[in-house]
Amino acid sequence: MRGATGIGSLPGTDIDEAARVVVGELPELPHVPELPGRGVGADVIGRTAGLLVDLAVEVVTSGYRVNPRPGRDHRRAVDLLRGDLDAFDEALERAGAHPETVKVQAAGPWTLMSNIELMRGHRVLTDPGAVKEFAESLAEGLRQHAAEVAKRTKAKVVVQLDEPGLPAVLRGLLPTPSKLGTVPAVPEPDARAVLATVIEALKDHEVIVHCCAPHPPLTLLREAGAAGIAFDATLIKGAEALDEIGETWEAGTTLALGLVPSLDPGTPVALKGIGQRAFTLVDRLGFPRSILAEKALPTPTCGLAGASSTWVKRALSLTRDLSSAFSEPPEGW
């Protein structure tokens, strides 16, 4: 994996414009945009549920719930994603772009199962049988999705699994339906095994796992087989976190470093100011700076769904320029 990329989400409801911006600003590693502002089926959970094989969901008052057969909500998610792929294809064609690699995003198994209810109202992850069924269904759905995108674009496909909810799953912080208690923590070996099942099914593709929580479980994600891990590098604090980053790089895993603000900070943002964090990190860990070109990708700190359209272009432009700086650090950095 080389170049700069985005996390996935963008603001607004115009998929053609979103695809055009991504293809224009991130030519080396463009991603299929996500526009959660369109509502049901366009958010990461509904969008991913639309990929499930032989499983369906519907929307109820409390969120997404398993449904015996695909209904209106499920079909909407499927149709939106199909339209998004068409828009991405068209943006590539209009730009005359032929990237070697493109990226798609979906919720990872634990974030997905945390946010979908079984028929009786409990979260999917509370039922071992349902966990196995959902993991296998997601794995097959993602495999088919990645294969379709590869066929459409004639490019290698990187699959990003979004797992912002994984730390809460591991720490037992999810509330029960009554809100009077919490769902028991999932043991790390179990969490790792399920994630590994999905990653293994995608063995023809490189898999990045994204977790923008303050303390992403880097070791668990690496041991599950992720080729890359994306996280908000501005939130990393403490010796333990630094050690985990060093061990992850030593193991040969690529790190997608979230460095560019995902929201307009309201003050001027200089490339050196955001890039210096990456170079300082490398220096503190004792790696040669060349590792940034070899085993790092710059990204925004998280998705851009809450940003203005003006900031989206600025953020992606900074991300692209940061990739160039990783390869050829400007004098004085």
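Here are two short exercises with worked solutions on this predicted model.

Local features need pLDDT of at least 70, side-chain atom pairs count only at pLDDT 80 or more, and totals for chains, interfaces and linings use all residues. Residues are numbered from 1 along each chain as its sequence is written, and side-chain values use heavy atoms, with hydrogens and water left out.

**Exercise 1.** Describe how helix 10 packs on helix 12.

*Step 1.* Find the helices, which are DSSP runs of H or I with at least four residues, numbered from the N terminus. Helix 10 spans residues 271-285 and helix 12 spans residues 309-327.

*Step 2.* Take the axes, lines fitted to C-alpha atoms over the stretch in contact, with angles from 0 to 180 degrees between N-to-C directions. The angle is about 50 degrees and the axes are 10 Å apart. Helix 10 is therefore oblique to helix 12 (under 35 degrees is roughly parallel, over 145 roughly antiparallel, 65 to 115 roughly perpendicular, the rest oblique).

*Step 3.* List the contacts (heavy atoms within 4.5 Å). Leu271, Ile274, Gly275, Ala278 and Phe279 of helix 10 meet Leu318, Asp321, Leu322, Ala325 and Phe326 of helix 12.

**Exercise 2.** Place Met119 relative to the rest of the chain.

*Step 1.* Met119 sits in the loop between strand 4 and helix 5 (128-153); strands are DSSP runs of E with at least two residues.

*Step 2.* Beyond its neighbours within four places in sequence, Met119 contacts Arg65, Val66, Asn67 and Pro68.

*Step 3.* Now look at His215: Met119 and His215 are 96 residues apart in sequence and 32 Å apart in space, C-alpha to C-alpha.
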